[in-house]
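Student: I would like to take a close look at one part of this model. Could you walk me through it slowly, as I am new to reading structures?

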Amino acid sequence: MSIGLENEFGKIEISNDVIAQAAGGAAVECYGIVGMASRHQIRDGLTDILRKENFTKGVIVRNVGDDLHIDMYVIVGYGTKITEVAYQVQSKVKYTLSRLLGMAVGSVNIFVQGVRVTNL
């Protein structure tokens, strides 16, 4: 699927994979996020952190009317406050996508798939 935007210069089609890549990139920049996780860990056989090229496996993009709804599956660092990390990710992803696309982001849902110990 893709999102169609139209302006005075013509029409723009943006793929959901591109939106997922942008959302995943914004999320991993936040403090407390170790990385992205697959939304179907058992089926995909991925228990590791997703790399940059696979962010689309950990992000679901839904279009409802003129709003975007994003579901993100993340792994947080041990010792961080999960609610604060989730709030920061929601804020950053919403800001990044609204600036990038010029569309309203209706919701950013965070699903914590695991906790990792980093820097022992």
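Student: Which residues in α1 meet which residues in α3?

Tutor: Happy to help! Before we start, keep in mind that this is a predicted model, in which local features need pLDDT of at least 70 and side-chain atom pairs count only at pLDDT 80 or more, while totals for chains, interfaces and linings use all residues. Residues are numbered from 1 along each chain as its sequence is written, and side-chain values use heavy atoms, with hydrogens and water left out.

Now to your question. From α1, the residues I19, A22, A23, A26 and A27 take part, and they meet V89, K92, V93, T96, L97, L100 and L101 of α3. To meet in this sense is to be in contact (heavy atoms within 4.5 Å). Sorted by class, this contact of α1 with α3 has 10 nonpolar residues, 1 polar and 1 charged. In that sorting, Ala, Val, Leu, Ile, Met, Phe, Trp, Tyr, Cys and Pro are nonpolar, Asp, Glu, Lys and Arg are charged, and the others, Gly among them, are polar.

Next, look at how the two helices lie. Helix α1 covers residues 16-28 and helix α3 covers residues 82-101; they pack at an angle of about 140°, and their axes are 9 Å apart. That angle makes α1 oblique to α3. The word depends on cut-offs: under 35 degrees is roughly parallel, over 145 roughly antiparallel, 65 to 115 roughly perpendicular, and the rest oblique. The axes are lines fitted to C-alpha atoms, for helices over the stretch in contact, with angles from 0 to 180 degrees between N-to-C directions. The crossing of α1 past α3 is right-handed, meaning that the near helix is turned clockwise from the far one by less than a right angle.

Let us follow K92, one of the α3 residues in this contact. The side chain of K92 also meets that of E29 in a salt bridge, at 2.9 Å from N to O. E29 sits in the loop between α1 and β3 (33-36) and K92 in helix α3, so this pair ties together parts that are 63 residues apart in sequence. A salt bridge here is a side-chain nitrogen of Lys or Arg within 4 Å of a carboxyl oxygen of Asp or Glu. E29 is exposed because its relative accessibility is 56%, and K92 counts as partly exposed at 32%. The cut-offs are under 20% relative accessible area for buried, over 50% for exposed, and partly exposed in between (1.4 Å probe, protein chains only).

The structure holds 3 salt bridges. Another of them joins the side chains of R62 and D71, 3.2 Å from N to O. In this pair, R62 is partly exposed at 34%, whereas D71 is buried at 10%. K11 and E13 also form a salt bridge through their side chains, 3.4 Å from N to O. Here K11 is exposed at 59% relative accessibility and E13 is partly exposed at 46%.

I19 of α1 has another link worth finding. Setting aside neighbours within four places in sequence, V61 is in contact with I19, as well as N16, A20, L68, H69 and I70. V61 belongs to strand β4 (residues 59-64) and is buried at 13% relative accessibility. V61 and N16 are 45 residues apart along the chain, and their C-alpha atoms are separated by 6.1 Å.

Back in helix α3, you can also find Q90. Q90 touches V108 and I110, not counting residues up to four places away in sequence. The C-alpha atoms of Q90 and I110 are separated by 7.5 Å, with their positions 20 residues apart along the chain. Q90 is partly exposed, at a relative accessible area of 30%.

Finally, step back to the whole chain. There are 3 helices and 6 strands, which follow one another in the pattern β-β-α-β-α-β-β-α-β. These elements are DSSP runs numbered from the N terminus: helices are H or I with at least four residues, strands E with at least two. Of the 120 residues, 36% count as buried. Among contacts in the chain with a separation of 6 or more, 63% come from residues 24 or more positions apart.
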